[in-house]
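Got the model open and wondering where to start looking? Here's a quick briefing to keep beside the viewer.

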Amino acid sequence: MSKQLWTAVDEFISQQLVSVDPALEAALADSEAAGLPAINVTPNQGKFLHLLARIQSARRVLEIGTLGGYSTIWLARALPPDGRLITLEANPRHAEIARKNIERAGLAAVVELRLGPALDTLPQLAPPFDFVFIDADKENNALYFDWALRLSRKGSVIIADNVVREGKILDSTSRDSTIEGTRRLYEKLNGEKRINATAIQTVGSKGYDGFAIASVE
Ligand code: SAH
Ligand code: DHB
Ligand code: MG
């Protein structure tokens, strides 16, 4: 099995089930034109996050790691009219592109982008968030999880992206700080009494990776 096949299946799933949305397409096109890295979630993953947020009936969403706002738009579109999404981004270039993409999607009133390293902006936030998506620098994954839990309520859902990394997550001797950070996240998920969690491996056009999902009990 190859990434070529995974990509073809991603395209099939998206054609069948993920309706084409001009604002989402434009967000990707403008992110690429601006030279942003193409590390956004895929369309079917974006819809997956959207569905999770809907199933959760989320009204307040926190996202850590905005990039060009692609996952932001998917998540914000899951919210009721009075819903709110706060997204945290450290890179001013990414934030500028994201703001334009969010505005064009008609979500400027729903989404608030806070510029700065997330560890600086997280302490300014007030709980509770119903849904948290962690997708920034993986070094800090465990610290972001601590914040997500602090900003949660009973019943909140916390999702983390990129928790498999082509199986590199198995390497307990890895000196890759992103792997070390994500392994610390697993320790937290395992050790925290208020958390009920699992992780799912994924393949697709972005390769082999996975999501962790946690329920706050
Ligand atoms: N969620 C996006 C992808 C995010 S990529 C999507 O799927 O569309 C990761 C983002 O995290 C990048 O834009 C990067 O600039 C940002 N980032 C890296 N370190 C950060 C930090 N310390 N605080 C906040 N954002 C950070
Ligand atoms: C990469 C992918 C991601 O989804 C992410 O959030 C960060 C980095 C990557 O493939 O490098
Ligand atoms: Mg990611």
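What follows runs through the metal site, the cores, two helices and a few backbone oddities.

Keep in mind that this is a predicted model. If you only have a minute, go to the magnesium ion (ligand 3), which is held by D135, D161 and N162. After that, have a look at the nonpolar core of 31 residues, and then at α5, whose buried residues line one face of the helix.

**The magnesium site**

- The magnesium ion (ligand 3) is coordinated by OD atoms of D135 and D161 plus OD1 of N162, with distances of 2.0 to 2.2 Å.
- Reading along the chain, the donors are spaced as D-x25-D-N.
- The pair D135 and N162 ties together distant parts of the chain, 27 residues apart: D135 sits in the loop between β4 (129-134) and α7 (141-150), and N162 in the loop between β5 (152-161) and α8 (177-191).
- Are these two residues buried or exposed? D135 has a relative accessible area of 14%, so it counts as buried. N162 comes out at 7%, so it is buried as well.

**The nonpolar cores**

- The largest nonpolar core is made of 31 residues, and L75, L107, F131, F133 and I159 have the most contacts inside it.
- Seven elements are worth colouring here, since each gives two or more residues to this core: α2 (22-33), α3 (43-55), α4 (70-76), α5 (92-104), β3 (111-115), β4 and β5.
- Which element gives the most to this core? That's α4, with five residues.
- L75 touches L49, H50, A53, V61, E63, L85, F131 and F133, leaving aside residues up to four places away in sequence.
- There's also a second, separate core of 26 residues, with F129, V132, L151 and L189 among its members.

**Around T72 in α4**

- T72 is part of helix α4, and its relative accessibility is 0%, so it counts as buried.
- Its side chain makes a polar contact of 2.6 Å with the side chain of E63.
- Leaving out residues up to four places away in sequence, T72 touches E63, T66, L85, T87, I102 and V111.

**Helix α5, end to end**

- α5 has 13 residues and spans 18 Å from first C-alpha to last, close to the 18 Å expected at 1.5 Å a residue.
- The buried residues in α5 are H94, A95, I97, A98, N101 and I102. Looking down the helix axis, they fall within an arc of 165°, which means they line one face.
- Those buried residues pack against α2, α4, β2 (84-89) and β3.
- Flip to the face turned away from the buried side and you'll find the exposed residues P92, K100 and E103.
- At the N-terminal end, N91 acts as a cap for α5: one of its side-chain oxygens is 2.8 Å from the backbone nitrogen of R93.
- Just past the other end of the helix, G106 takes a positive phi of about 75°.

**Helix α7**

- α7 is mostly covered, with seven of its 10 residues buried.
- Those are N141, A142, Y144, F145, W147, A148 and L149.

**Backbone spots worth a click**

- The peptide bond between P127 and P128 is cis, with omega near 0°. P128 belongs to the loop between α6 (118-121) and β4.
- S57 isn't a glycine, yet its phi is positive, near 50°. You'll find S57 in the loop between α3 and β1 (60-64). Its relative accessibility is 55%, so S57 counts as exposed.
- L67 also has a positive phi, about 50°, without being a glycine. It sits in the loop between β1 and α4.
- With a relative accessible area of 14%, L67 is buried.
- Not counting residues up to four places away in sequence, L67 touches L36, P37, I39, N40, E89, H94, A95 and A98. H94, A95 and A98 are among the buried residues of α5.
- L67 and V9 are 58 residues apart along the chain, and 25 Å separates their C-alpha atoms.

Methods: Residues numbered from 1 in each chain as written. Chains lettered and ligands numbered in written order. Predicted model: local features only at pLDDT ≥ 70, side-chain atom pairs only at ≥ 80, totals over all residues. Heavy atoms only, no water. Donors = N, O, S within 2.8 Å, 3.2 Å for Na, K, Ca; no water. Helix = DSSP H or I, 4+ residues; strand = E, 2+ residues; numbered from the N terminus. Buried < 20%, exposed > 50% of the residue type's maximum accessible area, 1.4 Å probe, protein only. Core = buried A, V, L, I, M, F, W, Y, C linked by side-chain atoms within 4.5 Å. Contact = heavy atoms within 4.5 Å. Expected span 1.5 Å × (residues − 1). Arc of directions from axis to C-beta. Polar contact = N/O pair within 3.5 Å; in protein donor to acceptor, adjacent residues only side chain to side chain.
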